[in-house]
Amino acid sequence: MAFLRTRTLLPLRFSIHGTLLSSSAFQQGSSRSYSAVESSEHSVLQPDEEEIAVLRREFHAAKQSFLKIPDALKEMPKMNPKGIYVNKNLRLDKLQVYGFDYDYTLAHYSSHLQTLIYDLAKEYMVNELRYPEICMSFRYDPTFPIRGLYYDKSKGCLMKLDFFGSIEPDGCYYGRRRVFGAASFVSFGTYVHHLNQREIRDIYGTRHIGRDQARSLVGLMDFFCFSEACLLADIVQYFVDAKLEFDASYIFEDVIRAIEHVHRSGLVHRGILADPHKYLVKNGKILCFLKMLKERGKKLFLLTNSPYYFVDGGMRFMLEWYCPVNVYVAWKSILGQSELQL
């Protein structure tokens, strides 16, 4: 009696004479057929030779296409490193009105600006919010903060999240000390340096920040947040070293209040204008670009939340080398009388 060894799940039928029949004969629309091979020991279903040849040809064609990819990449035109690329087609020649911000658009600043903001903010926290006098000895560290950090108001951690919302392995700080491998935790001034996997799960569950935990995170995304991130870390580190109880959310509110004060009060503006060579970066290409747009009939405007005296002083300084006769007339004639203050 012949028997069958096969992995197929299709139904098999036998004739009244005990001969094994092809299952594909009873399967409508099947793209693969099998032939019966009888042996004294066993019978095995085998694919048709024609189908095997088709699969081999398709595989060979796909392999050749893959091998040709490096040559295709070499033939691609080189991209202009100074070009502007957008996700959608945009005809700049069809635009008639161009608007500009002032900070970090028309005006660019040196790294000394972060030190100025940091120092003014810590003075406000000591003099007005009654933080310890030792905070006046803090110094801004330009190597510490980066863009795109998050501050956890519930735990006092500064962290870097990846695209999927998970904590970067080497991107989480509690104060100024890095906690390797995952997040860090603070509970009324208790410092934990190395966390094992169990402790990490107890605090955040996993490396991934869930929806509930994300509610306590605040993003520090723009250039002005460098000084803010550094001051947050330094204040947290002070309380940790002093073994003092503290609420991480209150520290955040106080730092934000200090940073907003130095901007709204004009302390930063006056500090920049008092020494523009130290804080402002001159760029003659800005004037050439604005003139080019003006000569082609474009309308230009400046929209900023900075006070007029600050913008005027900065524009005069940045363009004085290129329009030494009447720098005020130069930049106002290009941008017109359309400067708006929010």
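A residue counts as buried when its relative accessible area is under 20%, as exposed when over 50%, and as partly exposed in between. Keep that in mind for the close-ups, which all come from a predicted model.

**View 1. Phe223 and Phe226 make an edge-to-face pair.** Start with how open each ring's residue is. Phe223 has a relative accessible area of 35%, so it falls in the partly exposed class. Phe226 comes in at 18%, and because the buried class is anything under 20%, Phe226 is buried. The two ring centres are 6.2 Å apart, with 80° between the planes; planes over 60 degrees apart count as edge-to-face, so that is the label this pair gets.

**View 2. Phe223 has more company than Phe226.** Pull back a little and you'll find one aromatic cluster made of Tyr104, Tyr109, Phe223, Phe224 and Phe226. Arg147 joins in as well, lying over the face of Phe223 at 4.4 Å from the ring centre.

**View 3. Tyr118 and Tyr140 form a tilted pair.** Their ring centres sit 5.8 Å apart and their planes meet at 55°, so neither the stacked nor the edge-to-face label fits. Where does each partner of the pair sit in the chain? Tyr118 belongs to helix α3 (residues 112-127), while Tyr140 is in the loop between α3 and β6 (149-152). That puts them 22 residues apart, so the pair links distant parts of the chain. Both Tyr118 and Tyr140 are buried. Counting over the model gives 13 aromatic pairs.

**View 4. Lys282 parks its charged end over a ring.** The ring belongs to Phe317, and the charged end of Lys282 is 4.3 Å from its centre.

**View 5. Helix α6 spans what its residue count predicts.** This helix covers residues 225-241, which is 17 residues. At 1.5 Å a residue it should span 24 Å, and its end C-alpha atoms are indeed 24 Å apart. Is α6 mostly covered or mostly open? Mostly covered: 16 of its 17 residues are buried. Just past the helix, Lys243 takes a positive phi of about 55°.

**View 6. Zooming out to the whole chain.** The chain holds twelve helices and 15 strands. Of its 342 residues, 37% are buried. Take the contacts between residues at least 6 apart in sequence: 63% of them join residues at least 24 apart. As for the surface, the chain exposes about 21900 Å², and carbon and sulfur atoms supply 55% of that.

How values were computed
Residues numbered from 1 in each chain as written. Predicted model: local features only at pLDDT ≥ 70, side-chain atom pairs only at ≥ 80, totals over all residues. Heavy atoms only, no water. Phe/Tyr/Trp six-rings, centres within 6.5 Å; stacked < 30°, edge-to-face > 60°. Helix = DSSP H or I, 4+ residues; strand = E, 2+ residues; numbered from the N terminus. Buried < 20%, exposed > 50% of the residue type's maximum accessible area, 1.4 Å probe, protein only. Lys NZ or Arg CZ within 6 Å of the ring centre and 35° of its normal. Expected span 1.5 Å × (residues − 1). Contact = heavy atoms within 4.5 Å. Areas by Shrake-Rupley, 256 points an atom, 1.4 Å probe, with all protein chains shown as cover.
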